[in-house]
Amino acid sequence: MKTNEIIPRLNEVFRDVFGDSSISVTEKTTADDIEDWDSLAHISLVAAVEAEFGLRFKMREVSAMKNVGDMINLIAERGR
Amino acid sequence: MKELSFPFDSKNIIRRSPALRKQLLSDGSTRIKKKVAVLGGSTTDHIIASLELFLLNFGIEPEFYQSGYNKFYEDAVFGDPKLDSFAPDIIYIHTTLRNITKLPSVPSVKAEQVTNDLNEQFELFRQVWESLMKRFDCPIIQNNFELPLFRHTGSYDCWSTTGHAAFIERLNVMFSDYARSVSGLYIHDINYLSAVCGLTNWHDSEAWYMYKYAMSTSVIPDLAYSLACMIKSIYGKNRKVIDLDLDNTLWGGVIGDDGQDGIEIGPETAVGQSFTEFQSFIRGYRDYGILLAVCSKNDEENALLGLEHPSNVLKKTDFVSIKANWEPKDRNIAESAQELSLGPDSFVFIDDNPAECAIVEGQLPMVQTVSFSSVHEAMYKLTRSGYFEVTAISDDDLHRSEMYAANALRAAQQKSFGSYEDYLVSLEMQAVICDFKPVYIQRITQLTNKSNQFNLTTRRYSENEIQAVSQSTDHICLCGRLIDKFGDNGIVSVVIGRIDEDILHIELWLMSCRVLKRDMELAMLDELVRHAKTAGIRIIKGYYYRSPKNSMVSEFYGSLGFVLDEKSENGDSVWHTEIENYKNKNKVIRITEKEHHNENK
């Protein structure tokens, strides 16, 4: 899957999970950029992204994710 | 809210939880506030987040206390100042398989050792409950245990001496036995829930390693929903009536077209069998005190013909209201509600025609509709939806349908009397008005939580609080049971007054709407005054706190001859009366201190 197909869908997930329709993610977005990105939101985010793109992240992938770009790369590889 | 009604989309709830929360909090509905302490044996963040949504949707606004990760034992047994000052209304102990520490380690362990370990494991939990009960007067909800997904020996695991499933099943039985033996402890059956969700969906080891979640995130809404159903049941927010369509809902076919011989019910055909099973299932709700009603587009004559089919499990007399006509169904439901003195928000409406469900939803959004597509599916929806979740059962629940049937007889007789007083006299009413006897505590608690209309202060009490005021020397507590020639209405009125030197402050006065206009309130006042005089009271003060549902009693104290002291802008008012020269007001109800029948109850 291509990055430009992924970003709009991923952005919707972010907006839903953080309840903020002004969010606009890029590959460089990190947890520091979004105010409510706490552990609860992180778990919701992982679950919602997995559901949206029909994939399952591996534990090592979850812990290694440093920014949205890392997430996009994994989706590009295995997402639907 | 549709998104939070069963069957819900769990993934959607997790993803859109902030938006759902915002929508609920801004919908303008009034909710009771409850403080919920969640003591976890694992991380409980998402449980709390989902639980909040479901509770808000059930009309309860929760505030949460959350124990530290796996600190349920410490918080309960050693106490925690934050938990103390939080003063919970309800405590939920979220423990799971991950908190069982005494599972048999190897197959060589002896049976006696396994039993010792089992007892020790149980003791640990008993300590938790007893410590909490000692410190807090509030209901405690405790998970039982789900079965493990992984096992070494196959089926042998469930019956061998050292099998893990065997150990867990025994522990679950011990939990249930203990819960039955005390009051205020409720078992949340995650053993059932995990089975119904499927153990492969329930367990998620990675969620444990990464987040210390004892189950998959995807089933957390199921867990939270099931829990919310218990909490709303404890606070008297269950539905009360199943209103049923007839054709293709209670039997197969259309009575108006197929005739009595043509409809399918009974053992002859597969379809007939399925409807027999459905009728039995519905009948089971009636046995637990749920009222049944009919709402069918039919000529009444045909509807009754169908109900008289000899193979029916449900008989005409099982229904407290039968509406068979060609009026819109929402209008019929509203009428039934009025006849039964219940709000439409007490109704669950079941119809095989989705269009009828949609019309009812549109006109009466507070009615819960169930679109009936098959017997199997309808039974599943009723099972999982928790509309009628039972957390306690009172004597009244077991006889509710009979009481309503007697009400219908009273109404019929009322028409034939010259004056209303003649009618009241003809009912040959007698009331037992007494303090809170232990057998009544459960029913009294139930009444304080679900009476809305004839309720002066709408103060809600937990079972433990009722227990406490009943033993307090600073309170006068009266409950009234009304019996007439048609039957026993059970406990229908409750008054709690707090003594402050020679003044009695009425903190609670409620009456069940099924005995309105029977002068029971006068009988209660007479008794209250009598008890008050004995306690040296000179003045009784009455309080009316306005709620969205209790406008019926806004002038209640005035009608009893109390003097208005003050009236606030929000509609609340304070009244008083001096009782020295009080004359009894009730003329139609004979008061007895003791019951003449059902003495043993």
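A residue counts as partly exposed when the number of other C-beta atoms within 10 Å of its own falls between the limits for exposed, 12 or fewer, and buried, 20 or more. In this predicted model, Thr458(B) has 19 other C-beta atoms within 10 Å and is therefore partly exposed. Thr458(B) is placed in the loop between helix H20 (441-450) and helix H21 (463-471) of chain B. Its phi is near 50°, a positive value in a residue that is not glycine. Most residues other than glycine have a negative phi, and most peptide bonds are trans.

A positive phi is also found at Asp519(B), where the angle is about 65° although the residue is not a glycine. Asp519(B) belongs to the loop between strand E14 (503-511) and helix H22 (520-534) of chain B. Asp519(B) is partly exposed, because 18 other C-beta atoms lie within 10 Å. A further backbone feature of chain B is the cis peptide bond between Phe6(B) and Pro7(B), with omega at about -5°. Pro7(B) sits in the segment before helix H1 (10-15) of chain B.

The two helices on either side of the Thr458(B) loop, H20(B) and H21(B), also pack against each other. Their axes come within 9 Å and cross at roughly 115°, and H20(B) passes H21(B) in a right-handed crossing. From H20(B), the contact involves Ile441(B), Gln442(B), Ile444(B) and Thr445(B); from H21(B), it involves Glu463(B), Ile466(B), Gln467(B) and Ser470(B). By class, these residues are 3 nonpolar, 4 polar and 1 charged.

A helix pair in chain A was examined in the same terms. H1(A) and helix H4 (residues 68-78) of chain A have axes 10 Å apart and pack at an angle of about 115°. H1(A) passes H4(A) in a right-handed crossing. Thr3(A), Ile6(A) and Leu10(A) of H1(A) make the contact with Ile72(A), Ile75(A) and Ala76(A) of H4(A). The residues of this contact divide into 5 nonpolar, 1 polar and no charged.

Between the chains, 14 residues of chain A are in contact with 17 residues of chain B. On the side of chain A that touches chain B, helix H1 (3-18), helix H2 (39-53) and helix H3 (59-64) of chain A each supply at least two residues. The largest share, 7 residues, comes from H2(A). By class, this side of chain A consists of 10 nonpolar, 3 polar and 1 charged residues.

One contact between the chains involves Ala49(B), a residue of helix H3 (residues 45-57) of chain B. Apart from neighbours within four places in sequence, Ala49(B) is in contact with Leu40(A) and Ser17(B). Ala49(B) counts as buried because it has 22 C-beta neighbours inside 10 Å, the limit for a buried residue being 20 or more. The C-alpha atom of Ala49(B) is separated by 42 Å from that of Leu314(B), with their positions 265 residues apart along the chain.

The domain assignment divides chain B into domain 1 (2-234), domain 2 (241-385) and domain 3 (417-600). The centres of domain 2 and domain 3 of chain B, taken over C-alpha atoms, are 37 Å apart.

Nonpolar side chains tend to be buried together in soluble globular proteins. In this model, the largest nonpolar core has 75 residues. Those with the most contacts inside it are Phe54(B), Ile91(B), Leu223(B), Ala224(B), Leu227(B), Ala228(B) and Ile231(B). Helix H11 (residues 220-234) of chain B gives the most to this core, with 10 residues. Not counting residues up to four places away in sequence, Ala228(B) touches Leu51(B), Phe54(B), Leu55(B) and Phe58(B). A second, separate core has 45 residues, among them Phe436(B), Ile491(B), Met511(B) and Ala523(B).

Val196(B) is located in helix H8 (residues 190-197) of chain B. With 16 other C-beta atoms within 10 Å, Val196(B) is partly exposed. Val196(B) and Ala324(B) are 128 residues apart in sequence, and their C-alpha atoms are 37 Å apart in space.

Note on methods
Residues are numbered from 1 along each chain as its sequence is written. Chains are lettered from A and ligands numbered from 1 in the order in which they are written. This is a predicted model: local features need pLDDT of at least 70, side-chain atom pairs count only at pLDDT 80 or more; totals for chains, interfaces and linings use all residues. Domain bounds come from an automatic or database domain assignment. Two residues are in contact if their C-beta atoms, placed from the backbone, lie within 7 Å. Helices (H or I, at least four residues) and strands (E, at least two) are DSSP runs, numbered from the N terminus. Ala, Val, Leu, Ile, Met, Phe, Trp, Tyr, Cys and Pro count as nonpolar, Asp, Glu, Lys and Arg as charged, and the others, Gly among them, as polar. A nonpolar core is a set of buried Ala, Val, Leu, Ile, Met, Phe, Trp, Tyr and Cys residues joined through C-beta atoms within 7 Å. Axes are lines fitted to C-alpha atoms, for helices over the stretch in contact, and angles run from 0 to 180 degrees between N-to-C directions. A crossing is left-handed if the near helix is turned anticlockwise from the far one by less than a right angle, and right-handed if clockwise.
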